[in-house]
Amino acid sequence: IEDGANFRGVFLVRPVSATMIPGRYLAHQEGLPKLPVPPLRQTCERYLAVLEPLVSEQELEHTRKLMAEFLTPGGAGERLQKGLERRAHKMENWLSDWWLQTAYLDFRMPVVVHSSPGVVLPRLEFSDRQGQIRFAAKLIAGVLDFKTMIDNETLPVEYLGGNSLCMNQYYQVLCSCRVPGPRRDSVVNHARAKRPPTFITVVHNYQFFVLEVYSSDGSLLTVDQIYMQLEKIWNSSLQTNKEPIGILTSQHRNTWAKAYANLIKDKTNKESVQAIQKSIFTVCLDAPVPRVSDEMYRSRAALQMLHGGGSRWNSGNRWFDKTLQFIIGEDGTCGLSYEHAPAEGPPIVSMVDHVVEYTKKTEMVRTPLVPLPMPQKLRFNITPEIKKDIEKAKQNMNIMVHDLDVRVIVFSHFGKNVPKSHKMSPDAFIQVALQLAYFRMYQRCCSTYESASLRMFRLGRTDTIRSASIDSLNFSRTMDDPSKPVAEKVALLEKAVKAHRAYTDMAIRGEAIDRHLLGLRLQAIEDLVSMPKVFMDTSYAVAMHYNLSTSQVPAKTDCVMCFGPVVPDGYGVCYNPMEEHINFAVSAFNSCSETNAARLAQGLEDALLDMRDLVEQMPRAKL
C-alpha cells in the first residue's frame with residue numbers, strides 16, 4: 001500500500017542566502033552525506049512501538065512472534081539487511097530510485113486527486129481579462145527569473161537545523177513531464193539537454209500554444225512582451241467548442257497509456273505532445289467559474305487547482321502529467337498544480353514565494369516594439385477513437401469531481417506564536433491537535449503519515465513521521481475526562497508534543513522506520529526470496545493504511561497546499577502555519593460515509609483552541 005500520494009511535504013526548511021559561486025551546485029551535492037541504512041533491530045523495535053496504539057494486544061503479540069522469527073541470527077532479516085547495506089555502499093542513495101518507482105511511477109491511480117497536490121494563492125481581483133493576462137505575464141517572468149538562478153547555480157542553499165540540504169529537486173521541476181507507460185510511467189527531463197527548451201506552453205479554452213520566452217540573442221522577453229504574446233494567444237483561441245485533449249491525462253494510468261500510444265501514432269499529435277512535455281512549464285488561462293460565498297472561496301479554489309472543477313469547467317484546460325502548471329483564472333482564482341514524481345512541496349513553495357514577491361514588485365515597462373512571431377498553436381488530429389477516449393475521460397473526471405470534498409480554513413485565533421510561547425514545536429502542537437480531533441470523532445486513533453524531509457542526504461526525498469503514538473493517544477483519552485486534573489492533562493500534552501518532536505528529529509536524520517521497512521521488502525523481491533511473514537501480517541496492513549495523510553508545507557506567502565486522501569476512508573490534511581494564523585486544507589471522499597472533511601476541519605479548530613486554553617491555565621514558570 002505504498003502509494004505516491006502519501007509522500008509529500010517536508011519539515012521546516014529555511015533558505016539561507018549564501019555567497020554565490022558558479023558551478024558550486026555539484027560541489028555542494030558531493031559534500032552531502034549519503035542516506036544511512038538504520039540498524040535492523042532498532043527499526044524492528046520502533047515498529048512494534050508504533051503498532052501499540054493501532055492494533056489489539058492479540059494482534060501485537062502475533063506480530064512480536066513474527067518479528068522474533070524475522071530477527072533470528074542468520075535469518076531472513078539479517079540477509080535482507082546485508083543486501084540493503086551492499087546497495088547503500090554501491091549507490092548514491094539506496095532509496096531514491098526505488099522510491100520514485102514504488103511511490104509514483106508504478107502507482108496506477110490517476111495523478112489527479114490521488115497524487116498531484118495543488119497550491120492556492122491569495123485571491124486576486126481582476127476587473128477584466130487584461131488583468132488576468134497582465135498577472136500571467138508577471139508570473140511567467142517571475143518563474144523565468146527563478147529559472148535563471150537555477151541555471152546559473154546561484155540558488156541559495158537551504159538549511160535545516162544547521163545542516164545544508166540537497167538542492168537536486170530544483171533541477172527536476174522545470175522542462176520535465178511524466179509520460180504514461182503500460183505498467184510503469186517514466187519522467188522526461190529536458191533541462192540538461194544540449195539545447196534546453198526556450199519556450200513555455202499556454203493553454204486557453206482547451207487549446208495549447210508554444211510561447212517562446214527568450215529572444216534570438218538569448219535574453220528573456222520582458223513582462224510587456226510576454227503580455228503582448230499572451231494577448232495574441234487569447235485572441236486566437238476564442239472558440240469554446242474545441243475537444244479537451246488534456247483531459248486524457250486525468251485517466252487511470254493504464255487507460256491513459258493505451259490512449260497515449262494511440263494518440264501519438266499520428267505525427268502531428270506526437271509533435272504537439274512532445275512540445276508540451278519539453279516546455280519549461282505550462283500556464284493555464286482558465287475560464288471563470290460560478291461565484292461562491294467568500295467563506296467557500298478558498299475551498300472552491302483548491303478544487304480548481306486539484307482537478308479544474310469538471311469537464312464543463314476547466315478540467316480540460318490542463319496537461320496533468322506536466323510537472324508544473326500555473327493556473328490563472330479570469331475571476332482571480334490563482335495557484336498551481338504539480339505532478340509529484342520529481343519533487344516534494346517545499347521546493348515548489350520556495351519557487352512560489354519567489355514568484356509572488358516578483359509579481360508584487362514588477363511593473364510593466366513599455367519595451368521597444370520588436371516584432372515578435374505569432375505563438376505557434378499545437379494541432380491535434382482527433383480520430384473517432386480519440387474522441388471516444390476523451391468522452392470516457394470526461395465521465396471519469398466528473399465522478400472524481402463529485403467524490404472529492406475539500407475544506408480550506410483559515411484558523412485565525414493564533415499561529416506559531418502560541419506554541420512557541422510555551423516552548424513547544426508548532427508542528428508537533430498542530431499534529432497532536434489533529435490526533436485529538438480524530439480521537440473525538442472516532443474514539444480511536446489511526447495510522448497517521450506526516451512527511452519528513454530527507455534532504456540532509458544526497459538525493460534525499462522523504463520518510464514518515466508517525467504522529468499517532470502511545471503518548472498522543474494517552475493525551476487524547478485524558479483531555480476530555482473531567483475527573484483528571486489540569487496539571488495531568490498539561491503534562492500528557494507536553495509529553496505527546498515532545499514525543500512527536502523526537503520522532504521528527506529521528507526521521508530527518510534518516511533513522512525512521514518506514515523507508516527502511518520498504519527497503520527490506522523490496523530487497524526480498526529483488527533477491528527472489530519468499531516474502532517474510534512480518535510483511536504479510538494484518539498489523540503491517542493496518543500500519544500502512546493511513547487514514548490521516550498529512551503534511552506541513554510552510555511558506556512566506558499566505559497560501560495553502562492541498563491534496564486528496566490516500567485511502568478511500570481517509571483524510572488529506574495540509575497546513576501552512578504563519579506567525580498569527582494557520583491555513584489548513586482538509587480533504588475527504590464523499591463516497592465514504594465515515595469521513596467528513598467539514599467535521600474534521602471544525603474538530604481541528606476546536607482541538608487547537610482547547611489545547612491553547614489548557615496550556616494557558618498553567619502558570620508560565622512551570623512550563
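Which strand holds Tyr 449? Tyr 449 sits in strand 14, which covers residues 448-453. The views below all show a predicted model.

**View 1. Tyr 449 and Thr 462, two positions of a UniProt "binding site" feature.** An unreviewed UniProt entry places this feature at Tyr 449, Ser 451 and Thr 462. Tyr 449 belongs to strand 14. Thr 462 belongs to strand 15, residues 462-466. Tyr 449 has a relative accessible area of 0%, so it is buried. Thr 462 is buried too, with a value of 0%.

**View 2. His 340, listed by UniProt under "active site".** The listing comes from an unreviewed entry. His 340 lies in a loop. Strand 11 (334-338) and helix 11 (345-361) flank that loop. How accessible is His 340, buried or exposed? His 340 is buried, at 0% relative accessible area. Its side chain makes a polar contact of 3.3 Å with the side chain of Tyr 104. Tyr 104 is one of the buried residues of helix 5.

**View 3. Helix 5 and its packing partners.** Helix 5 runs over residues 96-105. It is mostly covered, with seven of its 10 residues buried. Those residues are Ser 96, Trp 98, Trp 99, Thr 102, Ala 103, Tyr 104 and Leu 105. Which elements do they pack against? The helical partners are helix 4 (76-90) and helix 17 (514-526). The strand partners are strand 5 (176-179), strand 6 (186-189), strand 14 and strand 15. Strand 14 holds Tyr 449, and strand 15 holds Thr 462.

**View 4. The crossing of helix 14 and helix 19.** Two packed helices are described by the angle between their axes and the distance between the axes. Helix 14 spans residues 426-442, and helix 19 spans residues 597-616. Their axes lie 8 Å apart, at an angle of about 120 degrees. The two helices are therefore oblique to each other. The crossing is right-handed. Which residues of helix 14 meet helix 19? They are Phe 429, Ile 430, Val 432, Ala 433, Leu 434, Leu 436, Ala 437, Tyr 438, Arg 440 and Met 441. On the helix 19 side, the residues met include Arg 599, Leu 600, Gly 603, Leu 604 and Asp 606. Ala 607, Leu 608, Asp 610, Met 611 and Arg 612 are also among them.

**View 5. The loop between helix 13 and helix 14, with His 422, Lys 423 and Met 424.** UniProt, in an unreviewed entry, lists a "binding site" feature whose positions include Lys 416, Lys 420, Ser 421, His 422, Lys 423 and Met 424. Ser 425, Pro 426, Asp 427, Ser 453, Arg 501 and Gln 552 are also listed. The positions spread over 137 residues of sequence, and in space up to 25.4 Å between C-alpha atoms. His 422 lies in the loop between helix 13 (417-421) and helix 14. His 422 is buried, at 4% relative accessibility. Met 424, in that loop as well, is buried at 7%. Beyond its neighbours within four places in sequence, Met 424 contacts Pro 419, Phe 429, Leu 493, Glu 494, Val 497 and Val 615. Phe 429 of helix 14 also takes part in the meeting with helix 19. Lys 423 is exposed, with a relative accessible area of 74%. Its phi is positive, about 60 degrees, although Lys 423 is not a glycine. Most residues other than glycine have a negative phi.

**View 6. Asn 168 and Cys 175 in the loop between strand 4 and strand 5.** Strand 4 covers 163-164. Asn 168 is buried, with a relative accessible area of 18%, because buried means under 20%. A polar contact of 3.3 Å joins its side chain to that of Gln 172. Outside its neighbours within four places in sequence, Asn 168 contacts Tyr 25, Gln 29 and Leu 459. Cys 175 is buried at 2% relative accessibility. Its phi is near 60 degrees, a positive value in a residue other than glycine.

**View 7. Phe 126 in the loop between strand 2 and helix 6.** Strand 2 covers 118-120, and helix 6 covers 129-151. Phe 126 counts as buried, at 14% relative accessibility. Leaving aside neighbours within four places in sequence, its contacts include Gly 131, Gln 132, Phe 135 and Ile 328. Gly 329, Glu 330, Gly 332 and Cys 334 are also in contact with Phe 126.

Methods. Residues are numbered from 1 along each chain as its sequence is written. This is a predicted model: local features need pLDDT of at least 70, side-chain atom pairs count only at pLDDT 80 or more; totals for chains, interfaces and linings use all residues. Side-chain values use heavy atoms; hydrogens and water are left out. UniProt positions are given in the numbering used here, feature names are shortened, and annotations may be inferred rather than shown by experiment. Helices (H or I, at least four residues) and strands (E, at least two) are DSSP runs, numbered from the N terminus. Buried means under 20% relative accessible area, exposed over 50%, partly exposed in between (1.4 Å probe, protein chains only). A polar contact is a pair of N or O atoms within 3.5 Å; within protein, one must be able to donate a hydrogen and the other to accept it, and residues adjacent in sequence count only if both atoms are side-chain atoms. Contact means heavy atoms within 4.5 Å. Axes are lines fitted to C-alpha atoms, for helices over the stretch in contact, and angles run from 0 to 180 degrees between N-to-C directions. Angles under 35 degrees count as roughly parallel, over 145 as roughly antiparallel, 65 to 115 as roughly perpendicular and the rest as oblique. A crossing is left-handed if the near helix is turned anticlockwise from the far one by less than a right angle, and right-handed if clockwise.
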